[in-house]
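Me: Please take one part of this model and go through it closely, step by step. Start with the whole chain, so that I can see where the part belongs.

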Amino acid sequence: MTDNKTNYNQKVKTAAKALDLIKDGDYIFSAQATAEPIEIMSNLQHLKETGVKDCVLITCLPLRDYDYFHDQEMKGILDHHAWFMSAGLRKSYQEKLVSPVPQRSTTILGKTLKRIKKENRRPVVILTVSPMDEHGYFSTSVSNVYEMDLINEGALTLVEVNPNFPRTFGDNHVHVSRVDAIVEANHPIPIAKIAPYGEIDAKIGKYIAEYIEDGSTIQLGVGNIPNAVAHELKSKKHLGIHTEMFTETMIDLIECGAVDNSQKGLLNGYSVASFTLGSQRLYDYIDNNPAVLFKSSTFTNDPYTIGLNNKFVSINAALEIDLYGQAASETVNGLPFSGTGGQSETVNGAQRSKGGKSFLAMHSTYTKRDENGNEKTYSKIVPHLAINQAVTTSRNDTNYVVTEYGVADLTGLTIGERAKALIAIAHPDFREELTKKAEELQIW
């Protein structure tokens with residue numbers, strides 16, 4: 001039997017040579033965000049030289065703006081489908097070189113694999129992994145959203161081994177024998193710094209924290225409002241973590257004693273996540289830390305799984321909410337901006353949990369320039385969503401909505417009652433107009 005080191009050495013290739021393994025019609029899944037394999041992604045235009053055609057690349061929140069994203073010559077060679085948009089992809093969308101896929105994080109992979117099978121195509125996964133251990137295992141490091149699921153489905157597996165990536169625990173270890181090609185890399189791990197939050201974020205954070213009881217299991221995303229909420233939770237006791245994204249603020253809560261994972265009801269003693277992005281401090285914390293488990297989003301974001309946690313609290317951001325309670329969190333003026341991610345599932349899962357709550361948080365207003373170039377203020381609470389806006393969380397699922405003017409609990413309210421509750425937390429300058437619009441729309 002070939003020993004692990006020999007097996008490893010036999011599979012080491014350049015990024016271009018690894019891409020030579022791609023065949024016509026392949027569906028290539030790039031790992032999410034921090035785990036995207038930079039060397040392989042930077043060489044995707046090599047496929048123009050191999051002669052392959054009719055391939056698909058699926059990305060999910062890519063952090064870099066690769067040349068391939070804007071290369072018109074790649075049409076028909078490697079078409080780009082996006083599960084979560086980023087700044088570079090928004091530009092690519094305007095160039096008609098990428099199209100977003102409406103999805104839920106727990107079901108999109110299964111649906112895509114069914115399509116691949118129906119069309120007689122082959123799945124391929126490209127990802128960054130931590131260095132191989134003495135037993136021949138890599139870890140998928142900072143992401144296990146769908147990467148390990150693909151490997152377990154038998155996808156052609158091209159890994160980029162990087163010593164700067166932490167070794168993590170969970171259902172995320174892959175043996176060298178299951179890998180088809182290895183590309184060695186040494187670039188720094190992507191870093192994201194925590195931005196200081198402002199006065200409005202602090203107000204919203206305090207409102208939400210008042211509703212979070214000791215012994216709650218929390219899900220926090222990235223951004224100023226989740227950071228403000230985390231700051232307000234430092235005085236709580238026996239909190240637990242079950243989240244899609246593990247953040248640096250969660251380390252603060254663990255180290256100050258607010259989080260001990262003792263009363264979750266599911267996987268007590270462990271912080272559970274699917275991926276992470278943050279500072280070097282965060283990566284050092286999760287490195288070889290068995291108390292943080294990286295599990296597939298098909299598990300972590302499953303509303304049934306979430307509901308098994310005690311007092312589960314989900315906190316998500318919205319870009320706009322209408323008087324019916326419909327939330328748009330992924331489009332701006334009808335154009336793709338981000339993605340659904342796990343929002344709709346964590347909202348639903350929180351309400352399955354005993355004592356659970358879900359919050360959609362946002363500033364009450366935003367500003368943008370009008371046609372004359374003058375800055376104008378607009379309400380984020382609107383009479384109704386625009387016809388081309390995507391509904392991320394339906395009115396049937398919206399629970400608590402929070403702005404700097406308070407909390408609207410929509411639980412069990414009629415459409416007329418919820419409109420009044422939402423108008424009460426809108427910016428005062430827009431409340432009269434919203435009340436008039438509610439009457440015109442016959443929301444009573």
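**A strand and the two helices it covers**

Reply: Counting charges, the chain carries 45 positive and 54 negative side chains, and the centres of these two sets are 3 Å apart. The model is a predicted one.

The chain as a whole comes next. Its secondary structure amounts to 16 helices and 27 strands. The radius of gyration is 23 Å, close to the 22 Å that the globule rule gives for 444 residues, so the chain is as compact as a globular protein of that length. The C-alpha trace spans about 70 × 50 × 40 Å along its principal axes. Buried residues make up 55% of the 444. The accessible surface is about 19,000 Å², and carbon and sulfur atoms account for 48% of that surface. Among contacts between residues at least 6 apart in sequence, 70% join residues at least 24 apart.

The part chosen here is strand β11, residues 217-219, together with what surrounds it. Threonine 217 belongs to this strand. Is threonine 217 buried or exposed? Its relative accessible area is 0%, and it counts as buried because the limit for that word is under 20%. The side chain of threonine 217 reaches the backbone oxygen of asparagine 310 at a distance of 3.0 Å.

Which residues does threonine 217 touch, leaving aside neighbours within four places in sequence? Its contacts are Gly240, Ile241, His242, Lys264, Asn309, Asn310, Lys311, Phe312 and Val313. These can be placed by element. Residues 240-241 form strand β12, so that two of the contacts, Gly240 and Ile241, fall in a strand. Phe312 and Val313 are among the contacts too, and strand β17 covers residues 312-317.

Strand β11 also helps to cover helix α10, alongside elements that include α9 (224-232), β12, β13 (245-246) and α11 (280-286). Helix α10 covers residues 248-255, and its buried residues are Glu248, Thr249, Met250, Ile251 and Leu253. Just after this helix, glycine 257 takes a positive phi of about 95°.

Glu248 has a further partner in serine 279, which also contacts Ile191 and Ala192 when neighbours within four places in sequence are set aside. Serine 279 sits in the loop between β15 (275-276) and α11. With a relative accessibility of 13%, serine 279 is buried. Glu248 is itself on the list of buried residues of α10, so this is a contact between two residues that fall under the 20% limit.

The second helix is α14, residues 343-352. How many of its 10 residues are buried? The count is 7, so α14 is largely enclosed by the rest of the structure. The buried ones are Gln343, Ser344, Glu345, Thr346, Val347, Gly349 and Ala350. Strand β11 appears again in the cover of α14, which includes α13 (303-307), β17 and β22 (357-361) as well.

Strand β17 thus takes part in the cover of α14, and alanine 317 is one of the residues of that strand. Alanine 317 is exposed, with a relative accessible area of 52%. Leaving aside neighbours within four places in sequence, its contacts are Ser329, Gln343 and Ala361. One of these, Gln343, is a buried residue of α14. Another, Ala361, falls in the range of β22. As for distance, alanine 317 and lysine 236 are 81 residues apart in sequence and 22 Å apart in space, C-alpha to C-alpha.

To put the pieces together: threonine 217, at 0% relative accessible area, is buried, and its strand, β11, serves in the cover of α10 and in that of α14. Alanine 317, in contrast, is exposed while in contact with Gln343.

Note on methods
Residues numbered from 1 in each chain as written. Predicted model: local features only at pLDDT ≥ 70, side-chain atom pairs only at ≥ 80, totals over all residues. Heavy atoms only, no water. Helix = DSSP H or I, 4+ residues; strand = E, 2+ residues; numbered from the N terminus. Rg over C-alpha atoms; globule rule 2.2 N^0.38 Å. Buried < 20%, exposed > 50% of the residue type's maximum accessible area, 1.4 Å probe, protein only. Contact = heavy atoms within 4.5 Å. Areas by Shrake-Rupley, 256 points an atom, 1.4 Å probe, with all protein chains shown as cover. Lys, Arg positive; Asp, Glu negative; His and termini not counted. Charge placed at Lys NZ, Arg CZ, Asp CG, Glu CD. Polar contact = N/O pair within 3.5 Å; in protein donor to acceptor, adjacent residues only side chain to side chain.
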